[in-house]
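Let's take a walk through this one together, sheet first and cysteines after. Have the sequence and the 3D view open side by side.

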Amino acid sequence: FKIPLQYHSCDMLPCYNKLLALSGIEVEYFNATHDSIAALYVESNFDLVTCTEFLEHLRDSEEERLLSGFKDITAKECKVLITFPEVALTRGGVPDVEPFGHVRQPNVDQVMSRLGPFALIEHGKFRSKHVNQVYLIAEHI
């Protein structure tokens, strides 16, 4: 049997949305520097949220706003998967000159404190191409 799935994706850069649209995939536009994830998905109850390769591109206050909004868009027992580089390459937080657009280094403790009513289930590391990545899986309690 098949489980019916509804999939939403958002990215902070509209150029990615255009690329995906060429392949017939609709993507929500989300700019973490201005938009509230809770306002974008008002009255949503997602069962699974992924946030991959994203936090290192956000300033501290932007990360806080994004992650604290997850509690408003997720159902109880929702799982969240978050990944970020173990070492985000930065040169002082200036996005226009940063390698890969990284502005800061996320860390697991800070991410968990900002998620609010989520419990950490697992976290660890994996290798992605030439970069070591950190992952965490948390559950809305």
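What follows covers the sheet, the helix that packs on it, and then the cysteines.

Keep in mind that this is a predicted model. Start with the sheet: it's an open one with 4 strands, ordered 3-4-6-5, and the pairing is mixed. Why do strand 3 and strand 5 each have one side without a neighbour in the sheet? Strand 3 (46-52) and strand 5 (118-128) sit at the edges, and each has a single partner strand, so one side of each is left open within the sheet. Going from one strand to the next, the twist averages 15°.

Now zoom in on the strand 3 edge. Strand 3 and strand 4 (residues 74-85) run parallel, and 6 bridges join them. One pairing to look up is T50, whose bridge partner in strand 4 is L81. Then there's helix 3 (residues 60-73), which packs on the sheet and touches strand 3, strand 4, strand 5 and strand 6 (131-140). The direction of helix 3 makes about 155° with that of strand 4.

On to the cysteines. How many disulfides does a search of the whole structure find? The count comes out at 0. A disulfide is, after all, a covalent bond between two cysteine sulfur atoms, and the cut-off used here puts those sulfurs within 2.5 Å of each other. Take C51: its closest cysteine sulfur belongs to C10 and lies 8.4 Å away, so that's too far for a bond. C51 counts as buried, because its relative accessibility is 5%. C78 is buried too, with a relative accessible area of 0%.

Note on methods: Residues are numbered from 1 along each chain as its sequence is written. This is a predicted model: local features need pLDDT of at least 70, side-chain atom pairs count only at pLDDT 80 or more; totals for chains, interfaces and linings use all residues. Side-chain values use heavy atoms; hydrogens and water are left out. Buried means under 20% relative accessible area, exposed over 50%, partly exposed in between (1.4 Å probe, protein chains only). Two strands pair if DSSP finds at least two bridges between them. Helices (H or I, at least four residues) and strands (E, at least two) are DSSP runs, numbered from the N terminus. Axes are lines fitted to C-alpha atoms, for helices over the stretch in contact, and angles run from 0 to 180 degrees between N-to-C directions. Contact means heavy atoms within 4.5 Å.
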